Amino acid sequence: MITDDGYFPAGSATRRVIGDPAALIGGFSALFLQTLHPRAMAGVDQHSSFPDDFWPRLERTAGYVTTLAFADRATADKAVARVRGIHRHVRGIDTVTGREYSADDPDLLRWVHTTEVSSFAAAVRRLGLIDDPEQDRFLAEQVRAGALLGATDLPASRAEVDAYFADVRPELVASPIAKRAARRLMLAPLPKRAEFLTPARPGWTAVAAIAIGMLPPWAKELYGLPRVPGADLATTIGLRTLRAGLLTFRRATGRPAPPR
């Protein structure tokens, strides 16, 4: 639905999900998931610089998602145009499969879109902040967001997301490139002062552990992660604690919550 206020009006499931701090952690989880698609990962590996581009890339992605969810249509359209312009230059040969890739390939756009929106929604749903019907409404609304970037045949419900992942799984692999990317996510670059004089490093390690804990079981299997009794409960508790901390930070810094 499009209104003068933007692509996603007040009261939409999109604003409810994206506006919740838990969705941010879901976004980190999506990054671990995205690395498992060789052609999608090739674009990141060959067209970005680690560690220099790590934080700017995360900031750009988070900024784009929130702009699309909350900004007016003109602002959102400018953000979409910028991303599509970048995508036109991201292409090459994936060294894992030997196949060509392009960031504006609808198949790869479908992968990135589905991993992101399903991870956002799963994080918020995990804490009981939305119910199953609202999760489906969010996924259905987000079809519009994916289409703006050129994605097609997007799943519009939890059942369709599950079917999509089942179909795409034969293409997924925890390649050396994927594992290297996952290690980089776990060991995000930090300024030396923050690294040694603040609890930033253990804090980020906790965020990464929660994000990994939120991965679907089949993704954990691809990474070769063992099944640990009580891990799901620990992930939920960690997510709830982290969300509470982010809400406290938002209030302490006087940052207003995004409009719903």
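**Exercise 1. Find how many aromatic pairs the whole structure holds, then classify two of them.**

Solution. Searching the whole structure turns up seven aromatic pairs. The model is predicted, so to speak on paper: local features need pLDDT of at least 70, side-chain atom pairs count only at pLDDT 80 or more, and totals for chains, interfaces and linings use all residues. Residues are numbered from 1 along each chain as its sequence is written, and side-chain values use heavy atoms, leaving out hydrogens and water.Step 1: rings of Phe, Tyr and Trp (its six-membered ring) pair if their centres lie within 6.5 Å; planes under 30 degrees apart are stacked, over 60 edge-to-face, the rest tilted.

Step 2: phenylalanine 54 and tryptophan 55 sit 5.0 Å centre to centre with 85 degrees between the planes, an edge-to-face pair.

Step 3: tyrosine 164 and phenylalanine 165 have ring centres 5.7 Å apart and planes at 50 degrees, so this pair is tilted.

**Exercise 2. Decide whether these four residues are buried or exposed.**

Solution. Buried means under 20% relative accessible area, exposed over 50%, partly exposed in between (1.4 Å probe, protein chains only). Phenylalanine 54, at 9%, is buried, while tryptophan 55, at 28%, is partly exposed. Tyrosine 164 and phenylalanine 165 are both buried.

**Exercise 3. Name the residues that ring pairs link to Phe54 in a cluster.**

Solution. Ring pairs tie Phe54 into a cluster with Phe28, Trp55 and Trp204.

**Exercise 4. Describe the lining of the second largest pocket by class.**

Solution. Count Ala, Val, Leu, Ile, Met, Phe, Trp, Tyr, Cys and Pro as nonpolar, Asp, Glu, Lys and Arg as charged, and the others, Gly among them, as polar. The lining then has 18 nonpolar, six polar and eight charged residues.
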